[in-house]
Amino acid sequence: MSTPDTAPQGQRSIDHRRERIRIETERHRIEGYVTLARDGFRSRVSDMLNASERDFLTLTEATVEPHDGGEVESHGFLAVARRHIVFAVVADEDLSDEVQL
């Protein structure tokens, strides 16, 4: 779900937006916000994931949940190495419609 940039009034960037994403690695499910261009070049999550000049994705307001059922951690900032990402999707705020396999 896309949200406007939450910078203080007067400092808000009209060129950016935040998108909530869910990332799966071999060991963790990570959810948080990434900052993307509002439109045009680099405005899609796939653009960010395919940017070869980036080794890490920066997330804010992130949660990290181990697949083995350990404790969920919350972080204001988290950098995730792209090479560890198995898949990534735009996260829905309402997970009640999520299909369980």
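This report walks through the nonpolar core, the salt bridges and one unusual backbone angle of a predicted model.

## The nonpolar core

Let's start inside. The largest nonpolar core has 14 residues, and those that touch the most other members are Ile21, Ile23, Ile30, Met48 and Leu59. Two or more residues come from each of β2 (16–25), β3 (28–37), α1 (45–49), β4 (56–66) and β5 (73–81). Strand β4 gives the most, with 4 residues.

Isoleucine 21 is a good place to zoom in. Leaving aside residues up to four places away in sequence, Ile21 touches Ile30, Glu31, Gly32, Val34, Val45, Met48, Leu59, Val89, Val90 and Ala91. Among these contacts, Ile30, Met48 and Leu59 also belong to the group of core residues that touch the most other members.

## Salt bridges

Now for the charged side chains. The whole structure holds 6 salt bridges, and three of them are described here. One pairs glutamate 19 with arginine 17, with an N to O distance of 2.3 Å. Glutamate 19 counts as buried because its relative accessibility is 8%, under the 20% cut-off. Arginine 17 is buried as well, at 14% relative accessible area.

A second bridge brings together the side chains of arginine 20 and glutamate 31, 3.2 Å from N to O. This pair links distant parts of the chain, as arginine 20 sits in strand β2 and glutamate 31 in strand β3, 11 residues apart. Both arginine 20 and glutamate 31 are buried, and Glu31 is also one of the residues touched by Ile21.

## A mixed pair and a network

How far apart are the closest N and O atoms of arginine 29 and glutamate 24? They lie 2.7 Å apart, in a salt bridge. The two partners differ in their surroundings: arginine 29 is partly exposed, with a relative accessible area of 32%, whereas glutamate 24 is buried at 7%. Elsewhere, Arg20, Arg22 and Glu31 form one network through salt bridges that share partners.

## An unusual backbone angle

Here is one to look at in your viewer. Most residues other than glycine have a negative phi. Glutamate 61 is not a glycine, yet its phi is positive, at about 50°.

Where does glutamate 61 lie? It is in strand β4, the element that gives the most residues to the core. Is glutamate 61 itself buried or partly exposed? Glutamate 61 is partly exposed, because its relative accessible area of 43% falls between the 20% and 50% cut-offs.

Key
Residues numbered from 1 in each chain as written. Predicted model: local features only at pLDDT ≥ 70, side-chain atom pairs only at ≥ 80, totals over all residues. Heavy atoms only, no water. Core = buried A, V, L, I, M, F, W, Y, C linked by side-chain atoms within 4.5 Å. Buried < 20%, exposed > 50% of the residue type's maximum accessible area, 1.4 Å probe, protein only. Contact = heavy atoms within 4.5 Å. Salt bridge = Lys/Arg side-chain N within 4 Å of Asp/Glu carboxyl O.
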